[in-house]
Amino acid sequence: MPIDNNENKEFKPVIVAFCCNWCSYAGADLAGSSRLSYPADVKIIRVPCSCRVNPLFILRAFQKGADGVILCGCHPGDCHYSTGNYYARRRMTLLFSMLDYMGVENGRTRVEWVSAAEGVKFSQTMNEFIEQVRSLGKNVRLEDLRCKKN
Amino acid sequence: MQEKLVSRAKELLSDGTVVRVLGWRKGDTDFSAEPAFFESAESLDEFTYDGFCGANLSKYMIKASKEEGKTLVFLKPCDTYSFNQLIKEHRVDREKTYIVGVGCDGKLDIEKIREAGCKGITAVTEDGDTIKVATVYGDKELKREDVILERCKACKGGKHVAYDELAEGCDEEKPAKEGRFELVEKLEAMAPEERFAFWQNELSRCIRCNACRNVCPACSCIKCVFDNDRYDTAQKANTTTFEEQMFHIIRAFHVAGRCTDCGECSRVCPQHIPLHLLNRKFIKDIDEFYGEYQAGEDTDSRAPLTNFTQEDVEPSIVKERG
């Protein structure tokens, strides 16, 4: 009898969160130090600015087995580099629209603006997002099995 | 028409205006033409301009711009958009280019002629809107509209946006065709599962020959993200259909906002994947979200993805519009 029987376990989505160094990463830090809870399945990747996130990063995350990808950055107008998040906003709009066009569920991708003072918003967003991805189930449309370890 | 272009090219070569000519010559068959450089008057005898000269020559100007002297290039109306876009990106040198605009009534697709029931084709001649196909089994007449390249069905019109002179037979007033986004809208109206099945079916045929990348005038990076530097070769092996999907999303994304919709990607695809439908989706989205934009129409405006406004739509629009 297999000891590790995945079938009986509750589905735990893997979420990759790209957080900008100046606002959202600090927001996540505040959520932590304020003892606000969000699931440990959220894997945070710190990036210098939300516009550092290349569409390849997002696809790569899906390819490696993420079930949802969220990008967090400073609020429009508050970017540490003045305009980075405006560019990110355009890019992500187009990328998400394309993924939707190709039949990937549009609930698996999200952009949220979280400032350094918004620890509560960070934890709420993550809880919401993880629920949404859980309801969509496992990501099977955008993954390449070759990248996974057995 | 072809003779006039050749004699004009010979004139410009002999008076020293240009040192080489970029045009087309017959390819492997009489029904395919390939881009070619001609450096002498004699070699111009091979020059050809017919219904099968679909190839967009603007990308070849990147190479020609790095060489000594001026190059004469023949550009069809839609090719001039690609050329303008390359000027904007500082990839070609306008000073080293002499553009002769040539007219175009829509280029022919030999595959479509064959599909129309023509076998054993010996000659194809154009007569206005009628295409006369001579075959060993007898002659046949086809309507031009039925056998033109997919991209010509969404013709941008007869206007050349960049030229030094126009050859005879150019109709600058020819209007653009309607219905460019019809198929994109059709796909958008489908359910996500159907869309996914559609693209999976289309893209799983991809053999990663990289023809779409190599032919694209907007795809002109010297070093490409899809090149595998470890082996100094393009990474061609594909294991699953999903990887192909990644390739095509990224390929289309990298030219978003710069793609002039010249349709070369779909023309060269040996597997007949409708790649222009990916590019057109980006164009449609850009038009909807950030205002109408035609890449290559001018040489000084900012591309949509290198620009922004404070009131841009949020990415959540994709989910909200359903």
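Let me start with B:G23, whose bridge partner in strand β2 of chain B is B:A36, and please keep in mind throughout that what we are looking at is a predicted model. That pair belongs to an antiparallel pairing between strand β1, residues 20–26 of chain B, and strand β2, residues 33–38 of chain B, with 6 bridges between the two. If you follow the chain from β1(B) into β2(B), you pass through a hairpin of 6 residues.

Strand β1 of chain B has another partner as well, namely strand β3, residues 71–75 of chain B, and here the pairing is parallel and runs over 3 bridges. To find that pairing on the screen, look for B:L22, which has B:V73 as its bridge partner in β3(B). As for how covered strand β1 of chain B is, 5 of its 7 residues are buried, so it is mostly covered, with buried taken as under 20% relative accessible area.

Let me move on to a single residue, B:S82, which sits in helix α3, residues 77–88 of chain B. Is B:S82 buried or exposed? Its relative accessibility is 3%, and because the cut-off for buried is under 20%, B:S82 counts as buried. Setting aside the neighbours within four places in sequence, the residues in contact with B:S82 are B:N56, B:S58, B:P217, B:T260 and B:C262. With one of these, B:T260, there is also a polar contact from side chain to side chain, at 3.4 Å.

Now to the domains. The domain assignment divides chain B into domain 1, which takes in 1–108 together with 156–178, domain 2, which covers 110–147, and domain 3, which covers 179–322. I will dwell on domains 1 and 2 of chain B, whose centres, taken over C-alpha atoms, are 26 Å apart. Where they meet, 9 residues of domain 1 of chain B are in contact with 11 residues of domain 2 of chain B, and the area buried between these two domains is about 770 Å², with carbon and sulfur atoms giving 60% of it. Between domain 1 and domain 2 of chain B the count is 1 salt bridge, and 2 residue pairs are found in polar contact across that interface. While we are in this part of the chain, you can also pick out a salt bridge between the side chains of B:E145 and B:K177, at 3.5 Å from N to O.

Finally, let us turn to the contact between the chains. How many residues does each chain bring to it? Chain B brings 46 residues and chain A brings 34, and the area buried between chain B and chain A is about 3,900 Å², of which 66% comes from carbon and sulfur atoms. On the side of chain B, the residues that lose the most area to chain A are B:M246, B:F308 and B:P315, which together make up 16% of what that side buries.

Across this interface there are 4 salt bridges, and the count of residue pairs in polar contact between chain B and chain A is 13. B:R195 forms a salt bridge with A:D100, with the closest N and O atoms 3.4 Å apart. Several helices of chain B each supply at least two residues of the side that touches chain A, and these are α6 (182–188), α7 (192–203), α9 (241–254), α11 (276–290) and α12 (317–320). Helix α11 of chain B gives the largest share of that side, with 8 residues.

Conventions: Residues are numbered from 1 along each chain as its sequence is written. Chains are lettered from A and ligands numbered from 1 in the order in which they are written. This is a predicted model: local features need pLDDT of at least 70, side-chain atom pairs count only at pLDDT 80 or more; totals for chains, interfaces and linings use all residues. Side-chain values use heavy atoms; hydrogens and water are left out. Helices (H or I, at least four residues) and strands (E, at least two) are DSSP runs, numbered from the N terminus. Buried means under 20% relative accessible area, exposed over 50%, partly exposed in between (1.4 Å probe, protein chains only). A polar contact is a pair of N or O atoms within 3.5 Å; within protein, one must be able to donate a hydrogen and the other to accept it, and residues adjacent in sequence count only if both atoms are side-chain atoms. Contact means heavy atoms within 4.5 Å. Two strands pair if DSSP finds at least two bridges between them. Domain bounds come from an automatic or database domain assignment. Buried area is the accessible area (1.4 Å probe) that two parts lose on being put together, summed over both.
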